[in-house]
Amino acid sequence: MTLRNPMQNPRTWLCVGMVALLVSALIPRLVHPTTRLGEDWLDATRGLFIGLSIGCNLLWVRRCGSARGVEHNRNAEPVSSRGDHGSQTRDAEMASGRMPGDLAESGL
């Protein structure tokens, strides 16, 4: 993790989201408002922290998913520009009157 921009690290987003969730869970236990207005502010603050937690966790999922997608795409086989190789087999099955992938004649 670099000290210049720690928010580029997806784990930082996960930690921020989990801390926000922890704070939202602890607010009602630590703060005891005496007026109705205080209860409303407490609910608003708790909702803010829950929303922050959801946003950070979704951002973490998005960043981790895109990083895994890049690795997955690098390891994938290149797609042929002439279509898939099974098209000739399917054409022969269609010409013989069988449905593609029909298992009735294969004995399974």
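## Salt bridges, helices and surface

Modeller: The count of salt bridges comes to 2, where a salt bridge is a side-chain nitrogen of Lys or Arg within 4 Å of a carboxyl oxygen of Asp or Glu. Bear in mind that this is a predicted model, where local features need pLDDT of at least 70 and side-chain atom pairs count only at pLDDT 80 or more, while totals for chains, interfaces and linings use all residues. Residues are numbered from 1 along each chain as its sequence is written, and side-chain values use heavy atoms, with hydrogens and water left out.

Colleague: What makes the meeting of the E39 and R36 side chains a salt bridge?

Modeller: Their N to O distance is 2.9 Å, which is within the 4 Å limit, so the pair qualifies. R36 also meets D40, at 3.9 Å from N to O, and that value is within 4 Å too, so the rule is satisfied again. Together, R36, E39 and D40 are linked in a network of salt bridges.

Colleague: Where do E39 and R36 lie?

Modeller: Both belong to helix α2 (residues 36-75), 3 residues apart, about one turn of the helix. R36 and D40 are 4 residues apart in helix α2, again about one turn. Helices here are DSSP runs (H or I, at least four residues), as strands are (E, at least two), numbered from the N terminus. The protein chain has 3 helices and 0 strands, in the order α-α-α.

Colleague: Why is R36 called exposed?

Modeller: Exposed means over 50% relative accessible area, buried under 20%, and partly exposed in between (1.4 Å probe, protein chains only). R36 has 56%, so it counts as exposed. E39, at 33%, is partly exposed, and so is D40, at 36%.

Colleague: How do you know that S24 is buried?

Modeller: S24, in helix α1, has 2% relative accessibility and therefore counts as buried. Its side chain reaches the backbone oxygen of L21 at 2.7 Å. Polar contacts are N or O pairs within 3.5 Å; within protein, one atom must be able to donate a hydrogen and the other to accept it, and residues adjacent in sequence count only if both atoms are side-chain atoms. Leaving aside neighbours within four places in sequence, S24 is in contact (heavy atoms within 4.5 Å) with R46, F49 and I50.

Colleague: How many disulfides does the structure hold?

Modeller: There are 0, so no pair of cysteine sulfur atoms lies within 2.5 Å, which is the rule for a disulfide. Two cysteines are still worth a look: C56 is buried at 5% relative accessibility, and C64 is buried at 17%.

Colleague: What makes up the nonpolar patch on the surface?

Modeller: L22, L26, L30 and V31 form it, with about 380 Å² of accessible area together. Patch members need over 30% relative accessible area and no salt bridge; nonpolar side chains (Val, Leu, Ile, Met, Phe, Trp, Tyr) are joined within 5 Å, like charges within 9 Å. L26, in helix α1 (residues 10-30), is partly exposed at 38%, so its value passes the 30% cut-off.

Colleague: What share of the residues of the protein chain counts as buried?

Modeller: Of its 108 residues, 11% do. The accessible surface comes to about 9,100 Å², with 61% belonging to carbon and sulfur atoms.

Conventions. Areas by Shrake-Rupley, 256 points an atom, 1.4 Å probe, with all protein chains shown as cover.
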